[in-house]
Each structure stands twice: as structure tokens, then as C-alpha cells.
Amino acid sequence: MKLDILAFGAHPDDVELGCGATIAKEVALGRKVGIVDLTRGELGTRGSAEIRHQEATDAANILGVSVRENLGFRDGFFINNEEHQLEIIKMIRKYKPEIVLCNAIDDRHIDHGKGSKLVSDACFLSGLRKIETTLDGEQQEEWRPKLVYHYIQWKNIEPDFVVDVTGYMDTKLKSVLAYGTQFFNEKSSEPTTPITSKNFLDSITYRAQDLGRLINKDFAEGFTVERYLAVNTLADLV
């Protein structure tokens, strides 16, 4: 299956939090989108890897993505090396996306920055024909995505561009709340974490509102880039 967009996240819920509304919009526009989680989030304070798997499945159904896979890397301890790069290359060559979305380049959780660089490096290496990979016993062809964008997570990184996601925030919030073990729940007796506060849950909306305000829209999601953005004419800008 060829995808238009493949979104990577270090943990299940990274993609939903960082660019869930953008994905919902792209799906609504008829584009094929997939998600690949690098780890099972097994070090998370709340819940378990098994529960997180079901939550991720539910969230994927809410967003309407075509496929979701998990590479099973070690939460907290994966590194940017050949072994991990090759597993990501297999996913890129399997789905041949034009656009790859990945973690924030710098963030509070160490896996986010690591995952960002790991996926970015793999996107380049995937285009080298002398790197050979096989999947399900078949030789894969080289493939390099045209674009790599990084969504924004915990830190308020200045975006290089924003996407108008007005009309898609409800879908994003539903996909986030599919992770019932991870976020604000006043009835929960589990330990608190930085992402279980009501303020964090509210921040999903008020950050999108603020970015939307800056482009005269209701809501927006921000991204950073690795190379210059290009437009054909000045009129291409919203």
C-alpha cells in the first residue's frame, strides 16, 4: 500500500498530540495516511503497553488512518544507529510516502528528539539504492520522501509554518482522549505526571487557538522544517 503521508511517533499518542488535527484533515481530503509508533510506551507511568496498544488502535480508527504499526523499540533506550535506522527504512520503503511527519526536534522527553533525528536520518538513507533491505522475504526498492516535517510537542518551539485545522479539533481531541490512561481524569487514583493535569489537556486547545489567531483562523497546528519552504507564487500563501 502506498501512502501519501506517514507519521512517526516515539510513543503511541505523540502523533495524536502533535498533529492529530492535521492528519484528520488530510484524511478528510482523501489522502492516505499511516502511523508508525517506534515504541510501545512501556515506561509510561500510567497504564501498560497492552492497554496502550488498544488505545492506539482506537485512536487510529478515530483519525481514519489507513494503517498503524509499532516497531517495538525499547522505550527510553532506543538509539540512532544502523539497526534502528534499517527498521524505519523498511517502513518508508514499504509505504513509499511523499511526506513524513515526525517528532519535535527538541523536547522535554528525551525520546522525542532522538526519534526526530532517527526518522530524519532514515528518510535520507532510504533513498540510497546500495542499502539493501527485505520485508516478508522480498527485496525492497529505494525510496526517499519528498518532505520531512516535525510537529511541535511539549516545548513551544516557533513553527516554520502552520496548518489551518479549523473543523478538525474535535476529531483530534477524541483521538487524544482515546488514551484514557494517559491524560486528565479526576477519578483516577494513579500517580500524576506532567501530562495528566487539566492544564495540559486544556493546552491542546488553547495552543491551537493561539496559532490559529495568528493566521486569522480558529485553530492551527505548527511544524518545523529541515530545508527552505518553497511556493510557486506569492498567492500560494494563505
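**Packing, cores and salt bridges in the predicted model**

Gly34 is in contact with Leu3, Ile5, Leu6, Ala7 and Val67, residues up to four places away in sequence being left out of account. The model from which these values were computed is a predicted one. Gly34 belongs to strand 2, and its relative accessible area of 0% places it among the buried residues. Between Gly34 and Arg207, which are separated by 173 residues in sequence, the distance from C-alpha to C-alpha is 25 Å.

A contrasting position is that of Gly30, which is found in the loop between helix 1 and strand 2 and which, with a relative accessible area of 59%, is exposed. Along the chain Gly30 and Arg52 are 22 residues apart, and their C-alpha atoms lie 28 Å from each other.

The nonpolar interior was examined next. In soluble globular proteins, nonpolar side chains tend to be buried together. In the present model the largest nonpolar core comprises 31 residues, of which Val15, Cys19, Ile23, Val65, Leu101, Met169 and Phe223 touch the most other members. Two or more residues are contributed to this core by each of strand 1 (5-9), helix 1 (14-28), strand 2 (33-39), helix 2, strand 7 (147-151), strand 8 (161-164), helix 5 and helix 6 (198-214). Helix 1 supplies the largest share, namely five residues. For Val65, when neighbours within four places in sequence are set aside, the contacts are with Ile23, Val33, Ile35 and Ala60. A second core, separate from the one just described, has 22 residues, among them Leu6, Leu71, Ile88 and Ile92.

Met91 is located in helix 3 and is buried, at a relative accessibility of 5%. Beyond the residues up to four places away in sequence, Met91 touches Leu6, Phe8, Val36, Glu69 and Leu71; of these, Leu6 and Leu71 are included in the second core. Met91 and Met1, although 90 residues apart in sequence, have C-alpha atoms 11 Å apart in space.

Among the helix pairs, helix 2 (residues 49-63) packs with helix 5 (residues 169-177) at an angle of about 170°, the two axes being 8 Å apart. The two helices are therefore roughly antiparallel to each other. On the side of helix 2 the contact is formed by Ala59, Ile62 and Leu63, and on the side of helix 5 by Thr171, Lys174 and Ser175. Sorted by class, the residues in this contact are three nonpolar, two polar and one charged. Both helix 2 and helix 5 are also among the elements that give two or more residues to the largest nonpolar core.

Charged side chains form 15 salt bridges in the structure. Two of the pairs considered here lie within single helices. In helix 3 (residues 82-95), Lys90 and Glu87 are three residues apart, about one turn of the helix, and their side chains meet in a salt bridge with an N to O distance of 3.2 Å. Glu87 is partly exposed, its relative accessible area being 31%. In helix 4 (residues 110-125), Asp111 and Lys114 are likewise three residues apart and so separated by about one helical turn, and the closest N and O atoms of their salt bridge are 3.3 Å apart. The two partners fall into different burial classes, since Asp111, at 0% relative accessibility, counts as buried, whereas Lys114, with a relative accessible area of 25%, is partly exposed.

A further salt bridge, between the side chains of Glu221 and Lys172, has an N to O distance of 2.7 Å. This pair links distant parts of the chain, with Glu221 in strand 9 (residues 220-225) and Lys172 in helix 5, 49 residues apart. Glu221 counts as buried, at 4% relative accessibility, and Lys172, also at 4% relative accessibility, is buried as well. In addition, Lys2, Glu98 and Lys146 are joined into one network by salt bridges that share partners.

Notes
Residues numbered from 1 in each chain as written. Predicted model: local features only at pLDDT ≥ 70, side-chain atom pairs only at ≥ 80, totals over all residues. Heavy atoms only, no water. Axes fitted to C-alpha atoms, helices over the stretch in contact; angles between N-to-C directions. Helix = DSSP H or I, 4+ residues; strand = E, 2+ residues; numbered from the N terminus. Parallel < 35°, antiparallel > 145°, perpendicular 65-115°, else oblique. Contact = heavy atoms within 4.5 Å. Nonpolar A, V, L, I, M, F, W, Y, C, P; charged D, E, K, R; others polar. Core = buried A, V, L, I, M, F, W, Y, C linked by side-chain atoms within 4.5 Å. Buried < 20%, exposed > 50% of the residue type's maximum accessible area, 1.4 Å probe, protein only. Salt bridge = Lys/Arg side-chain N within 4 Å of Asp/Glu carboxyl O.
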